[in-house]
Amino acid sequence: MTAFIQPAAVRRSVTVRVSRERAFSVFTEGFDRWWPRSHTISDSPLKKAVIEPRVGGRWFGLSEDGRESEWGDVLVFEPPARLVLAWRIGGQWTYDPNLLTEVEVTFTDLGQGQTRVDLEHRGLERLGAAGEAARVAIAGPEGWGGLLEAFRAAAEG
């Protein structure tokens, strides 16, 4: 008998010294300012990272060769409180339009010009056998924790 362990959701938080409105804006409209160029599924270098600011919008990378690499789409867009992105990248780091894992980001006003940003990447069990390895990468230092630190630097900079 083969046992399958369901990958747990990845949860990370960061507190930024900016208003909730600014935090949401930098996370979405300013996405290209903080998303690292190393984080792309294209074989061409990443030129620009984009989140289209509306439900049904896409999030994707524009490569230096002019091609777009789809990463997913916007499921919920509620400025300045909440964003949910469909992550449609499989365990082999390729786009799969039929895959759905979710990245939910909430922005909580802590007062005194501070905002807590909570991120949860869930549904990783939908990656099948590659789910646990993907979770380890997403949870690792180059994953959401490091990405939120890059976001913090852009938001506070």
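Phe 77 counts as buried, because its relative accessibility is 18% and the cut-off for buried is under 20%. Keep in mind that you're looking at a predicted model. Phe 77 has an aromatic partner, Phe 24, and that pair is a handy way into the rest of the chain.

**Phe 24 and its ring partners**

- Phe 24 is buried too, because its relative accessibility comes to just 3%.
- A pair of aromatic rings is described by two things: how far apart the centres are and the angle between the planes.
- For Phe 24 and Phe 77, the centres lie 5.2 Å apart and the planes are at 65°, which makes this pair edge-to-face.
- The two residues come from distant parts of the chain: Phe 24 belongs to helix 1 (residues 20-28) and Phe 77 to strand 4 (residues 68-78), 53 residues apart.
- Phe 24 also pairs with Phe 107: the centres are 5.2 Å apart and the planes meet at 65°, so this pair is edge-to-face.
- That second pair links distant parts as well, since Phe 107 is in strand 6 (residues 101-111), 83 residues from Phe 24 in helix 1.
- Phe 24 and Phe 107 are both buried.

**The wider set of rings**

- How many aromatic pairs does the structure hold? There are 17 of them.
- Phe 24, Phe 77 and Phe 107 are part of one aromatic cluster, whose members also include Trp 34, Trp 35, Trp 59 and Phe 151.
- Here's a ring with a charge over it: the charged end of Arg 58 sits over the ring of Phe 60, 4.0 Å from the ring's centre.

**Val 26 and Trp 34**

- Helix 1 is also home to Val 26, which is buried because its relative accessible area is 2%.
- Which residues does Val 26 contact, leaving aside neighbours within four places in sequence? They are Phe 31, Arg 33, Trp 34, Phe 151, Ala 154 and Ala 155.
- Val 26 and Arg 152 are 126 residues apart along the chain, yet their C-alpha atoms are separated by 9.2 Å.
- Now look at it from the Trp 34 side: not counting residues up to four places away, Trp 34 touches Val 26, Phe 27, Leu 147, Ala 150, Phe 151 and Ala 154.

**The nonpolar core**

- The largest nonpolar core has 39 residues, and those with the most contacts inside it include Phe 27, Trp 34, Trp 144 and Phe 151.
- Helix 4 supplies the largest share of this core, with six residues.

**Helix 3 and its cover**

- In helix 3 (residues 131-139), the buried residues are Gly 131, Ala 134, Ile 138 and Ala 139.
- Look down the axis of helix 3 and these buried residues fall within an arc of 125°, so they line one face of the helix.
- What covers them includes strand 1 (10-16), strand 5 (82-87), strand 7 (114-122) and helix 4 (144-156).

**The chain as a whole**

- The chain has four helices and seven strands, and from the N terminus the order is β-α-α-β-β-β-β-β-β-α-α.
- A compact globule of 157 residues would have a radius of gyration near 15 Å, and the chain agrees because its own value is 15 Å.
- Along the principal axes, the C-alpha atoms fill a box of roughly 55 × 40 × 30 Å.
- Of the 157 residues, 45% are buried.
- Take the contacts between residues at least 6 apart in sequence: 50% of them join residues at least 24 apart.

Definitions and conventions. Residues numbered from 1 in each chain as written. Predicted model: local features only at pLDDT ≥ 70, side-chain atom pairs only at ≥ 80, totals over all residues. Heavy atoms only, no water. Phe/Tyr/Trp six-rings, centres within 6.5 Å; stacked < 30°, edge-to-face > 60°. Buried < 20%, exposed > 50% of the residue type's maximum accessible area, 1.4 Å probe, protein only. Lys NZ or Arg CZ within 6 Å of the ring centre and 35° of its normal. Contact = heavy atoms within 4.5 Å. Arc of directions from axis to C-beta. Core = buried A, V, L, I, M, F, W, Y, C linked by side-chain atoms within 4.5 Å. Rg over C-alpha atoms; globule rule 2.2 N^0.38 Å.
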